[in-house]
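Hi,

Here's the structure I said I'd pass along. Have a look at it first, then read my notes underneath.

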Amino acid sequence: MANKVAQDFARAPIFSEAVVKNHSAMDLDSGADIYITDPPYGDAVKYEEIFDFFISWLNKNPPKEFSSWIWDSRRALAIKGEDHDFKLGMVSAYKRMAELMPDNGLQIIMFTHQSGSIWADMANIVWASGLRVTAAWYVVTETDSALREGQYVKGTILLILRKRLQELDTARDELAYELAEEVKTQVDLLTGLNNGVKDLYRDENLFEDADLQMAGYAAALRVLTRYSTIDGVSMPQEAMRPRVRGQTTMVDELIAFAVNIANEYLVPDGVDRAVWEKSVGVERFYLKMLDMESRGIHVLSNYQNFAKAFKVHDYGAVMDEVKANRASLKTAAQLGNRGMTAGEEFGPTVLRSVLYAVHLLQENKVKPEDVLHQLRDLVPDYFRERERITALADYVSKKTAKARPDESSNAMVLRDLVRRERV
Ligand SMILES: C[S@@+](CC[C@H](N)C(=O)[O-])C[C@H]1O[C@@H](n2cnc3c(N)ncnc32)[C@H](O)[C@@H]1O
């Protein structure tokens with residue numbers, strides 16, 4: 001690994017006066033061209049409490065060299081909470097920095113959070129502070145651990161902000177196109193990086209779905225905060241309105257829309273782009289969730305989110321369990337020959353026919369050649385679909401290898417039957 005890290009870093013030392021001042025960001029009094037901040041993220045970590053813990057520990061035996069220090073966690077000054085107070089605290093800090101910054105100055109904010117409403121608040125904070133997001137860089141900050149796999153963000157976003165000097169307005173409908181483009185570009189970039197480092201990290205993903213969703217939030221911020229007015233509404237004013245419990249704001253909706261688009265682009269590991277593009281919503285849903293299940297993730301909200309992203313009408317029809325942390329898809333055997341009719345959502349799809357054929361092989365009541373016959377009858381335009389059928393059977397086989405070895409080996413039998421079939 002050591003030789004993969006560059007030894008000759010480019011250096012750009014900065015020589016300047018350095019002053020350390022201990023006060024709240026809202027009380028800044030000296031200007032700067034660049035502000036780099038790492039604010040608290042909602043209530044994710046309660047820094048004041050951590051400080052208090054260390055203070056009480058240090059106070060038992062206070063270090064001599066710090067004898068002039070005042071041991072206080074400054075609890076009252078901390079920006080806390082997840083709702084209006086968090087927003088107000090953040091706005092007073094960032095507005096103050098924007099005021100002290102020249103027109104060509106910039107701010108870099110490190111931010112990471114999985115909740116859409118916190119990102120909506122972040123958009124509001126940017127608006128109300130007179131700033132706009134011009135770029136977002138994703139930095140991987142977490143090392144891997146089996147415990148963290150799949151669902152957790154592995155990085156932090158560096159948001160680059162500048163002053164919002166123009167008063168641009170837009171309409172919600174137009175924003176939809178812009179958001180879709182921006183999110184797609186951002187997700188493509190991260191997916192490209194994922195593939196680019198595959199060899200380096202031995203097949204492990206640099207970014208997980210949660211990261212790509214977060215990239216969707218950041219991309220949304222870049223589009224949204226460019227505008228001062230949306231559908232005639234002044235966003236900086238709107239941004240300061242307290243949240244009404246149970247009500248979703250326009251910004252919440254736009255952020256949710258962006259993340260939905262990000263979800264649509266989350267091609268599961270092991271699925272070829274071409275296969276993915278030919279798959280309909282419910283097939284994508286099944287493939288995606290099979291991938292999550294193969295990594296031991298069974299969280300119901302994931303099934304709900306992806307059903308929404310892939311526009312599945314009745315995802316319940318392909319579910320075995322719908323429990324909060326123990327949700328699961330129906331297996332090939334559980335699906336059996338149910339719901340195969342044309343009127344059903346999953347029934348007429350190629351994946352459903354593949355799962356049916358796997359089920360027949362598993363049952364072992366009909367000869368493999370006859371299973372192949374049935375498959376030919378079921379899949380319209382069978383000969384053109386053969387490649388997709390083998391790819392899907394291969395995928396099902398790989399993803400069920402650990403949890404359902406029998407289904408896995410029968411899917412492999414099916415793959416080979418179709419592959420070797422004389423045409
Ligand atoms: C994410 S942490 C920063 C971590 C730090 N960059 C590091 O790597 O150790 C957020 C910090 O913001 C501080 N903070 C909270 N409210 C503040 C305020 N009003 N002004 C300045 N700092 C504040 C918290 O005390 C906490 O230390």
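Below is what turned up, starting with the ligand.

This is a predicted model: local features need pLDDT of at least 70, side-chain atom pairs count only at pLDDT 80 or more, and totals for chains, interfaces and linings use all residues. Residue numbers start from 1 along each chain, as its sequence is written.

Around the ligand sit Ser24, Ala25, Met26, Asp38, Pro39, Pro40, Tyr47, Leu77, Ala78, Ile79 and Ala93 (a residue counts if its C-beta atom, placed from the backbone, lies within 6 Å of the molecule). That shell splits into nine nonpolar residues, one polar and one charged, with Ala, Val, Leu, Ile, Met, Phe, Trp, Tyr, Cys and Pro taken as nonpolar, Asp, Glu, Lys and Arg as charged, and the others, Gly among them, as polar.

Next, helix α10, residues 300-309 (helices are DSSP runs of H or I, at least four residues; strands are runs of E, at least two; both are numbered from the N terminus). Asn302, Tyr303, Phe306, Ala307 and Ala309 are buried there, meaning 20 or more other C-beta atoms lie within 10 Å of a residue's own. The buried residues of α10 fall within an arc of 160° seen down the axis, so they line one face; the arc is that of the directions from the helix axis to the C-beta atoms. Just after α10, Lys311 has a positive phi of about 55°.

Finally, there's an open, mixed sheet of three strands in the order β5-β6-β7, where pairing takes at least two DSSP bridges. β5 and β6 run parallel, joined by two bridges, and Asp169 is opposite Thr229 in β6.

Cheers

Note on methods. Buried ≥ 20, exposed ≤ 12 C-beta atoms within 10 Å, placed from the backbone.
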